[in-house]
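Visitor: I am new to this structure. Please pick a single part for a close look, and then lead me outward from there.

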Amino acid sequence: MIKRFDNEEIEAVTKFIKNASFLSGYTNKYLGGEEIQSFETEFANYHGCRYGIAVNSGTTALFVAQKAAGVGKKDKVAVPCITFTATISQVLACDATPYFTDIDETSYCMNYDFDTDSINYAIPVHLLGHPCKYEMIKKMRDEGIFVIEDCAQSMGAKYKGKIVGSMGECGIFSFQETKHITTLGEGGMITTNNEEFAEKCRRIRNHGEYYKDDRSIGYNFRMAEVQAVFGRVQLRKLPKIIATFRNNASYILNRLPDAIMPPQIPKGIEHSFMILGCKFNEKIAKVDRTTFLNKLTRNRKKILEESESDIKGINQKPGKVISAGYKMVQYNIPLYKKYAPKKKCPVGEDFVNHSLFIDIHRWRTKEEINEELSIMENTIREFTC
């Protein structure tokens, strides 16, 4: 594995701790300390926006953005059927109702096929590093829908030159340690060009009912100052990180076994490759996906011995994931079943039945990547020869 962090992060954090009067940044400043505010500005600028609001997680960012947008009890929020649970759970946390949509066959991102008469809000998810279509987001906005981009998986991705986080009314990002960059393991950011919206987010983040005499409840969703120190160093490295992901992804996708079909990436898409979202062809492999993955895991035992997880989902160490990906469409999760659409989502349901998520392009040496590709090829041969 390639070391993800180096002396630059360590020295920046150590220097800050040695010199800091306040570790929080919010102890004596309503907007947070200099590091928080600088990180917000730098991150927003990178994603083509005027304002950034740092929070303690991407999940929190989803909640705060919806609260600031006015999402409430009588609202329906359009969400894709393929995403991480936080996209849906935070709609419910705002007392609103998730309205599930199918996904696009090429990008696996939200497909805009719903009646706008009953929908005032939408959370398109830029999935696995692939940006949603800008034309779809623009159409939703033109029809009066408030668009919150979920960019948690696609930092730095672009659609025909337009960067994620700048296409809707706002974007949300995650700095959880599996993402492109991190703020000491957890963290999040909201980006926007709307000054009034940004101020609402700040008040929700930091007890607006007390500090600003708001009539609505604020919370403690603050990022620590030392996290911003770490995040600023990481942000400076982001272009190189994404370039490395892209180079390694291209190398892998051109060398996959025939039974593993690479994602389609149309012209004009600048994918940021958090995950290689492939599909498994059982006919070519002559084995079902579950049996193949079980055998592959055994064949990768030495590689995975330090990465065992007792949490369901994609939770192995970043750089070592080869899994089925999302186990089901979101509306089949027990808590969300009562919101299942009358008309099912065939593209999404087909996706979960055939998807294969790979992230061996991240934080791995070329030698390690070649070893992984060899193990995959040899595992397929065990069933086809």
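Guide: Helices (H or I, at least four residues) and strands (E, at least two residues) are DSSP runs, numbered from the N terminus. The model is predicted, so local features need pLDDT of at least 70 and side-chain atom pairs pLDDT 80 or more, while totals for chains, interfaces and linings use all residues. Residues are numbered from 1 along each chain as its sequence is written, and side-chain values use heavy atoms, with hydrogens and water left out.

The part to look at is helix α8, and the way in is through the interior. A nonpolar core is a set of buried Ala, Val, Leu, Ile, Met, Phe, Trp, Tyr and Cys residues joined through side-chain atoms within 4.5 Å. Buried means under 20% relative accessible area, exposed over 50%, and partly exposed in between, with a 1.4 Å probe and protein chains only. In this model, 114 residues make up the largest nonpolar core, and Met140 and Ile358 have the most contacts inside it. The greatest contribution to this core comes from helix α8 (residues 225–253), which supplies 10 residues. There is also a second, separate core of 5 residues, among them Val13, Phe16, Val229 and Phe230. In soluble globular proteins, nonpolar side chains tend to be buried together.

Two residues of α8 deserve a stop. Arg232 is part of helix α8 and counts as buried because its relative accessible area is 19%. Its side chain makes a polar contact of 2.6 Å with the side chain of Glu42; a polar contact is a pair of N or O atoms within 3.5 Å, where within protein one must be able to donate a hydrogen and the other to accept it, and residues adjacent in sequence count only if both atoms are side-chain atoms. Beyond four places in sequence, Arg232 touches Glu35, Ser38, Phe39 and Glu42, contact meaning heavy atoms within 4.5 Å. Pro239 is also in helix α8, but this residue is partly exposed, at a relative accessible area of 44%. From Pro239 to Tyr30 is 209 residues in sequence and 31 Å in space, C-alpha to C-alpha.

Helix α8 also borders an open space, the second largest pocket, to whose lining α8 gives the most, with 5 residues. On a 1 Å grid over the protein atoms alone, a pocket is an open set of points with protein on both sides within 12 Å along at least five of seven lines, whereas a cavity is a set of points where a 1.4 Å probe fits but cannot get out; lining residues have an atom within 4 Å of a point. Grid points are joined across faces, edges and corners, and a volume is the space filled by probe spheres set on the points. The second largest pocket holds about 410 Å³. Its lining has 18 residues, and those nearest its centre are Phe16, Ala20, Glu34, Glu35 and Glu225. Two or more lining residues come from each of α1 (7–19), α2 (34–46) and α8. By class the lining has 6 nonpolar, 5 polar and 7 charged residues; Ala, Val, Leu, Ile, Met, Phe, Trp, Tyr, Cys and Pro count as nonpolar, Asp, Glu, Lys and Arg as charged, and the others, Gly among them, as polar.

Back in the largest core, Ile358 contacts Leu256, Ile260, Ile275, Leu276, Cys278, Val321, Ile322 and Met376, leaving aside neighbours within four places in sequence. Ile275 and Leu276 appear again around the largest cavity, whose lining also includes Ser107, Tyr108, His130 and Pro263. That cavity encloses about 60 Å³, and the whole structure has 1 cavity of 30 Å³ or more. Its lining divides into 6 nonpolar, 4 polar and no charged residues.

A few residues elsewhere complete the tour. Thr192 belongs to strand β9 (residues 188–192) and is buried, with 1% relative accessibility. Its side chain reaches the backbone nitrogen of Asn194 at 3.1 Å. Lys160 sits in the loop between β6 (158–159) and β7 (162–163). This lysine is exposed, at 54% relative accessibility, and has a positive phi of about 50° although it is not a glycine. His207, in the loop between α6 (195–205) and α7 (208–211), also has a positive phi, near 45°. At 25% relative accessibility, His207 is partly exposed.
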